[in-house]
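Here is a brief report on a single protein chain. It moves from the overall fold to selected residues.

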Amino acid sequence: MVNFVGFYNFAGSGTDVIIGNGSKTIPSFSEVINNDPKTFFSGQFTNLSRELVHINMKGVSGQTQTMHKHDIRPYESINVINIPLGSIDIIIESTNRIGWHGMGALWQVQDEDEYAVFASKSSITESGSV
């Protein structure tokens, strides 16, 4: 059985303004999304600014390694489907303010078979800006 855990809204509201700290390595904003390795995230993150932004998506259960590093161009989105996503770091190399949007849903699997089904249908894709 698969259980719906709930909706995810970036920074509690879905859309927020982040002020960059000017660092290439230290996140300007970090958020924990989930701590359960049996919970999968499906959603989207969107750069609402005219500035290049970097993100690090990390796994769950105290994993410190980065699952995926990605550059998000101006007005570009990254779509995440069925990933056991633990947290996200947003790195802004300037001290500018940028708009950022994120939303999704969390689904918890109960056993290894369900985990295998969800994991086999996972993906990370880009949606280019127009």
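Helices and strands are DSSP runs, with at least four residues for a helix (H or I) and at least two for a strand (E), numbered from the N terminus. On that basis, Asn82 is found in strand β7, residues 77–83. The model is a predicted one.

**Overall fold**

The chain has ten strands and one helix. The order along the sequence is β-β-β-β-β-β-β-β-β-α-β. The C-alpha trace spans about 45 × 30 × 25 Å along its principal axes. The radius of gyration is 15 Å, which agrees with the value near 14 Å for a compact globule of 130 residues.

Of the 130 residues, 45% count as buried. Among contacts with a separation of 6 or more, 81% join residues 24 or more positions apart. The accessible surface of the chain is about 6,900 Å². Carbon and sulfur atoms hold 53% of that surface. The chain carries 8 positive and 13 negative charges, and the mean positions of the two sets are 8 Å apart.

**Selected residues by burial**

The cut-offs matter here: buried means under 20% relative accessible area, exposed means over 50%, and partly exposed lies in between.

| Residue | Relative accessibility | Class |
|---|---|---|
| Gly20 | 7% | buried |
| Asn82 | 11% | buried |
| Glu114 | 15% | buried |
| His54 | 17% | buried |
| Ala11 | 30% | partly exposed |
| Trp107 | 30% | partly exposed |
| Tyr75 | 41% | partly exposed |

**Asn82 and strand β7**

Asn82 is buried because its relative accessibility is 11%, under the 20% limit. Which residues does Asn82 touch beyond four places in sequence? They are Phe40, Phe41, Ser42, Phe118, Lys121 and Ser122. With Phe118 there is a polar approach too: a polar atom of the Asn82 side chain lies 3.5 Å from the backbone oxygen of Phe118.

**Trp107 and strand β9**

Phe40 and Phe118 also turn up around Trp107. Trp107 sits in strand β9, residues 97–109. Beyond four places in sequence, Trp107 touches Val2, Asn3, Phe4, Val5, Lys38, Thr39, Phe40 and Phe118. Trp107 is partly exposed, at 30% relative accessibility. Gly6 lies 101 residues away from Trp107 in sequence, yet the two C-alpha atoms are 7.5 Å apart.

**Glu114 and the helix**

Glu114 belongs to helix α1, residues 112–120. The residue is charged by type, but is it buried or exposed? Glu114 is buried, with a relative accessible area of 15%. Leaving out neighbours within four places, Glu114 is in contact with Met1, Val2 and Val109. Val2 is thus listed for Glu114 and is also among the contacts of Trp107.

**Gly20 and the loop after β2**

Glu114 and Gly20 are 94 residues apart in sequence, and their C-alpha atoms are 40 Å apart. Gly20 is in the loop between β2 and β3, the latter being residues 29–32. At 7% relative accessibility, Gly20 counts as buried. Its contacts beyond four places are Ser28, Ile92, Ser94, Thr95 and Asn96. Ser49 is 29 residues from Gly20 in sequence and 12 Å away in space, C-alpha to C-alpha.

**His54 and strand β5**

His54 lies in strand β5, residues 53–58. At 17% relative accessibility, His54 counts as buried. Its side chain makes a polar contact of 2.4 Å with the side chain of Asp71. Where else does His54 make contact, not counting residues up to four places away? Besides Asp71, His54 touches His70, Asp89, Ile90, Ile91 and Glu93.

**Two positive phi angles**

Most residues other than glycine have a negative phi. Two residues here go the other way. Ala11 has a positive phi of about 55 degrees. Ala11 is in the loop between β1 (2–9) and β2 (15–19). Tyr75 has a positive phi of about 60 degrees. Tyr75 is in the loop between β6 (66–72) and β7. Ala11 is partly exposed at 30% relative accessibility, and Tyr75 is partly exposed at 41%.

Technical notes
Residues are numbered from 1 along each chain as its sequence is written. This is a predicted model: local features need pLDDT of at least 70, side-chain atom pairs count only at pLDDT 80 or more; totals for chains, interfaces and linings use all residues. Side-chain values use heavy atoms; hydrogens and water are left out. The radius of gyration is taken over C-alpha atoms; the globule rule is 2.2 Å times the number of residues to the power 0.38. Buried means under 20% relative accessible area, exposed over 50%, partly exposed in between (1.4 Å probe, protein chains only). Contact means heavy atoms within 4.5 Å. Accessible areas come from the Shrake-Rupley method with a 1.4 Å probe; for residues, only the protein chains shown count as cover. Lys and Arg count as positive and Asp and Glu as negative; His and the chain ends are not counted. The place of a charge is taken as NZ of Lys, CZ of Arg, CG of Asp or CD of Glu. A polar contact is a pair of N or O atoms within 3.5 Å; within protein, one must be able to donate a hydrogen and the other to accept it, and residues adjacent in sequence count only if both atoms are side-chain atoms.
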